[in-house]
Amino acid sequence: MAQSSTLDRDEQHGAVPRQRGAGGPGARKKKRKRGAPLWAKLTVTFGAVLMMVAGGALIGLRTVIGDLEGSIQVAEPGILEAEPGAPAEPAGKALDGAFNVLLLGIDTRKGQDLNDARSDTIMVLHVNAAHDQAYLMSLPRDLLVEIPEFKKAKYPGDNEDLVNAAFFHGAQHGGGWSGGLELAAKTVGKLTGLKFKSAAVIDFGGFRTVIDALGSVYMCVEADTKSIHTFVIDGKPTYVPKMSDGAEAANYASRTGNKQYVHKKGCREMEGWEALDFARQRYTVADNAGDYGRQRHQQQLIKAMAKKAGSAGVLTDFGKVRELIQAVGKSMLLSLPAGMDVTDFLFTMKDLASADLVLLKTNAGYYQSIIVNGDYKGEKLDKTTEEMFRAASSDKLGNFVLLNPQVVNNEK
């Protein structure tokens, strides 16, 4: 059984070269606003915010936010508006009703130019109208889509491309991460019929810093999984760059005698390097799931981070909160509705404290490949996935999941 991912193309389509693009960090120098705790910012609360911190939590939390003003990078307002000139959210007012958040992950490696990255991880967070349930859906990075025109980055549109390329095209000509985020939101919105109230770009490489700040995360590995990025050198796990696929990693191991690191089956606390390395694997995941298996593990990692960030030990330690904010601030750009600031958004999410984050699979975890004259062109969405997005649009995901349990990702 397979499930969709993000970061690289699956080995079984090895004839298709990996495509990279520019996702310039131009937006990182844009206007900044007040910061908020990691669990609200990192994945816009995935798992969520526990406000009942030891005595006077509300006051204490606001003090932390004020002290760390500017730690989180915020894009210019209004880039997610459905139409130019759409009314701004009233100042100081939390979001009402159901809403969706777009999350884009880029995977920059050591020595890689930040302008050379596509949004290989694409996730949608749906929060229901009662704000007591959240659903996380991932889109395959290889979806073949039409990317609309985007004049800000001089992109003409009317071209079919993989969905992860939207971020690249939007980032060109000075668009940076903000431009990439805007065009990606337009593209995913056109594909799914969803509108987004908020969005974020996250550098997955920066997750290690965040996990290290947390100390560790609890992850379960369903089967022994060889890494194509980490090798045992002089008895220590060591990252080796530029391994593009499983065959290249195996050849390197044979040539040097440095064995590939193996993520052993079982559940345990993982340090940042191990958790991130496991979530990056696609060639060696169980059941030959490829990109779809890696998507499962990326969702698993995000949920584990949110759970740890929302634990009592973290929430009651404002020093730890500061450390986490500083860590995530280096690897994230957030977009909010015009007129709304970070603090207001945080308090919108507080009721998610008791909610489980439900992880959902696109295409039920199976490939839906588009083959033309024997060549792999990309992925498409099956009818069930299209229905899933329509259910999100009408805030009926709860009923949809009950009727379609096969879409639930039960990774622990």
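These notes cover the sheet, the nonpolar cores and the helix packing of a predicted model.

1. Sheet order. The model contains an open sheet of seven strands with mixed pairing, and the strand order is β1-β13-β7-β2-β3-β4-β14. At its edges lie β1 (73-74) and β14 (357-360), each of which pairs on one side only.

2. Pairing of β2 and β3. Strands of a sheet pair through backbone hydrogen bonds, and the sense may be parallel or antiparallel. For β2 (residues 99-106) and β3 (residues 121-127) the sense is antiparallel, and the pairing runs over seven bridges. Within this pair, V101 has L125 of β3 opposite.

3. Helix on the sheet. Helix α12 (residues 383-393) packs on the sheet and touches three strands: β3, β4 (134-139) and β14. The direction of α12 makes about 140° with that of β4.

4. Largest nonpolar core. This core has 44 residues. The residues with the most contacts inside it are L102, L104, M137, V188, V201, L360 and L397. Helix α4 (residues 176-192) supplies the largest share of the core, six residues.

5. Surroundings of V201. With neighbours within four places in sequence left aside, V201 is in contact with L104, I106, F167, W177, L181, S331, M332 and L333. One of these partners, L104, is also listed with V201 among the residues with the most contacts inside the largest core.

6. Another core. Apart from the largest core lies another one, of 35 residues. Its members include M219, I302, A304 and L359.

7. Packing of α5 on α7. Helix α5 (residues 207-214) packs with helix α7 (residues 272-280) at an angle of about 140°, and the axes are 8 Å apart. The two helices therefore count as oblique, since the limit for roughly antiparallel is over 145 degrees. The crossing of α5 past α7 is right-handed. On the α5 side the contact involves F207, R208, I211 and D212, which meet G272, W273, A275 and L276 in α7.

8. Packing of α5 on α8. Helix α5 also packs with helix α8 (residues 290-309), here at an angle of about 35° and with the axes 10 Å apart. This crossing is left-handed. The contact is made by F207, V210, I211 and L214 of α5 with L301, I302, M305, K308 and A309 of α8. F207 and I211 of α5 thus appear in the contact with α7 and in the contact with α8. I302 of α8 is also among the residues of the 35-residue core.

Technical notes. Residues are numbered from 1 along each chain as its sequence is written. This is a predicted model: local features need pLDDT of at least 70, side-chain atom pairs count only at pLDDT 80 or more; totals for chains, interfaces and linings use all residues. Side-chain values use heavy atoms; hydrogens and water are left out. Two strands pair if DSSP finds at least two bridges between them. Helices (H or I, at least four residues) and strands (E, at least two) are DSSP runs, numbered from the N terminus. Contact means heavy atoms within 4.5 Å. Axes are lines fitted to C-alpha atoms, for helices over the stretch in contact, and angles run from 0 to 180 degrees between N-to-C directions. A nonpolar core is a set of buried Ala, Val, Leu, Ile, Met, Phe, Trp, Tyr and Cys residues joined through side-chain atoms within 4.5 Å. Buried means under 20% relative accessible area, exposed over 50%, partly exposed in between (1.4 Å probe, protein chains only). Angles under 35 degrees count as roughly parallel, over 145 as roughly antiparallel, 65 to 115 as roughly perpendicular and the rest as oblique. A crossing is left-handed if the near helix is turned anticlockwise from the far one by less than a right angle, and right-handed if clockwise.
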